[in-house]
Amino acid sequence: MLPPPVLKQSGLHPKPAGLVLQYGTAGFRTNAKKLDHIMFRMGLLATLRSRKTKATIGVMVTASHNPEEDNGVKLIDPMGEMVTPTWEGYATQLANAEQEDLLTALKDVIEKEAIDMSQEADVFVGKDTRSSSASLSQAVMDGVSALGGHSKDYGLVTTPQLHYMVCCQNTKGKYGDATVEGYYSKLYQAFIQLTKSVLNRTDDQKHLSVDGANGIGALKVREMEAHLKKELQISLFNDGSKGKLNHQCGADFVKVQQKPPTGVEMNPGERCCSFDGDADRIVYYFIDSEGQFHLLDGDKIATLISTFLKELLTQAGVDLKMGAVQTAYANGSSTRYLEDTMQVIVRCTKTGVKHLHHAAQEFDIGVYFEANGHGTVLFSKAAEEIIQHLAEDANINDERKRAARMLQNTINVINQTVGDAIADMLLIEAILAIKGMTIQQWDSIYSDLPNRQLKVKVADRRVIDTADAERRAVSPAGLQDAIDSLVKKYRKARSFVRPSGTEDVVRVYAEAETQESADDLAHKVSLAVYRLAGGVGGEPKQL
Ligand code: G16
């Protein structure tokens, strides 16, 4: 029942005996040298998933924020969302089957899912700019063809662009045109519609500095610039022409280090933003007249977008249930602002957009953002229909109609399949223009509690198990008690630890009333992790 090429082809992409990899926060991710067999096998799996769903599946070769020498793979389900948990399990089984057991592992999935192997299979493949991505994406396509599927190679695209293509294809064009050109034109038109009523914007107001992290986002911003017809004037830095991917730049660096990236010219008060390595995250920042750095992360973005949407809903006179979804990393001030001041329902999920996306689907309008800048807005089908109906209603006043049309354009500018740095950037720029708001005014909506993120190396990070959306460590024994007693020593403090699903580290987060307290707490919690969870490479040092 399995086509003969599978065995032969898999021999060309052999698994190193004994190598075990876990499906992490966003797929498999490790040093690129260990990934050839994984890519081939994910090509096989995507082909099966396509047959099962009778739809096109996406495979993106990227390690996003990780260093250049790493790579990884993200699997995209028919509506552009992350692949379902059951299939993550199959991915792990296939990835870790020894060479001689691969056919059995494949047959097992085929049987469990009752897959009709005569069904057509289509897989869209994309890759980031890493030097290893070309051969690894070829390995994915080899996997697809070994099982008799068809692959379409989109080449260099951002992760969200590939999510978008998959969704367009499976909605038969309803979501948009499944081409890069179609993507730009949908986003651009919505952006222009949103901002067209804002008159007399100066060139300074239209200007934005973008740090492309020396990755795919930089290439795509260049491509899109022509479409923007100077309505947004971008100065692009870290465009990949000389610097190294994600090195001292990019959204993850800026967020974790809480400082500007290298290579970006910053003038006081000017808006700047950073993408990550596959352009699915964005953070904003500026320096003030005293040279102090201000970060506007995913939490501030969620607040800005939620405020905008809530105002439009009121103006349109429509009652839709709006909620915000965050993770444990969300700054305590942002949660308080959303709940107490904005009266928005807030949910907390585990790290990973797949979890946030799922929780956001419970609302008519779900705004989800991780503090690291990964997020988007989801509109339920019913909400979209209500908004469309209002926008076309001849019997409502101009103010309501205008607000309904703005909501429609917001739906069109945002990428509802996944967090998207380019789409989020256009929405943020449009909101700031419409509200006539400077980045300083946006920043002053609420003040972040000082916070610190650290990484601790341990022998096996799986010894740490968490509960309550990763806010409590249930193992190893004694760790949570140690964290609790440390937290009690600081005002307005909170801390948690969790194993990363993309890097071989344990992540530590702490926030407190002052930066000194947050730094001290993070350091002491890191020491507790090191001592109780098998730290390696020397005790963490005081900051
Ligand atoms: C991925 C996920 C994000 C997650 C991040 C860090 O981002 O898509 O949801 O926040 O990894 O995860 P962890 O803390 O488990 O390492 P990206 O942009 O690297 O794909």
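**A walk from the loops to the ligand**

Gln258 lies in the loop between α10 (251–257) and β8 (272–275). Helices (H or I, at least four residues) and strands (E, at least two) are DSSP runs, numbered from the N terminus. The model is predicted: local features need pLDDT of at least 70, side-chain atom pairs count only at pLDDT 80 or more, and totals for chains, interfaces and linings use all residues. Residues are numbered from 1 along each chain as its sequence is written, and side-chain values use heavy atoms, without hydrogens or water.

Stay with Gln258. Its phi is near 50 degrees, a positive value in a residue other than glycine. Is Gln258 buried or exposed, or something in between? Gln258 is partly exposed, because its relative accessible area is 24% (buried is under 20%, exposed over 50%, partly exposed in between; 1.4 Å probe, protein chains only).

Asn214 also has a positive phi, about 55 degrees, although it is not a glycine. Look for Asn214 in the loop between β6 (207–211) and α9 (216–228). Asn214 is buried, because its relative accessibility is 8%.

Next comes a proline in a loop. Pro476 sits between β17 (472–475) and α18 (479–487). What kind of peptide bond joins Ser475 and Pro476? The bond is cis, with omega about 0 degrees.

Lys172 takes us to another loop, the one between α6 (159–170) and α7 (180–195). Lys172 counts as exposed, because its relative accessibility is 78%. How far apart in space are Lys172 and Ala105? Their C-alpha atoms are 33 Å apart, with the two positions 67 residues apart in sequence numbering.

Now turn to a helix. Ser306 lies in α11, which runs over residues 298–316. With a relative accessible area of 1%, Ser306 is buried. Which backbone atom does its side chain meet? A polar atom of the Ser306 side chain lies 2.6 Å from the backbone oxygen of Ala302. This is a polar contact: N or O atoms within 3.5 Å; within protein, one must be able to donate a hydrogen and the other to accept it, and residues adjacent in sequence count only if both atoms are side-chain atoms.

A strand comes next. Val506 belongs to β19 (residues 506–511). Val506 is buried, because its relative accessibility is 0%. Along the chain, Val506 and Ser526 are 20 residues apart. In space, 8.9 Å separates their C-alpha atoms.

The last stop is the ligand. How many residues surround the ligand? There are 20, each with a heavy atom within 4 Å of it. The closest are Thr25, His65, Glu370, Ser500 and Thr502. This shell divides into 2 nonpolar, 10 polar and 8 charged residues. Here Ala, Val, Leu, Ile, Met, Phe, Trp, Tyr, Cys and Pro are nonpolar, Asp, Glu, Lys and Arg charged, and the others, Gly among them, polar.

Look at oxygen atoms of the ligand. A polar side-chain atom of Thr502 lies 2.4 Å from one of them. Arg281 also places a polar side-chain atom by a ligand oxygen, at 3.0 Å. Val353 uses its backbone instead: an N or O atom there lies 3.1 Å from an oxygen of the ligand. How much of the ligand does the protein bury? Taken alone, the ligand exposes 470 Å², and the protein buries 98% of that (Shrake-Rupley method, 1.4 Å probe; for residues, only the protein chains shown count as cover).
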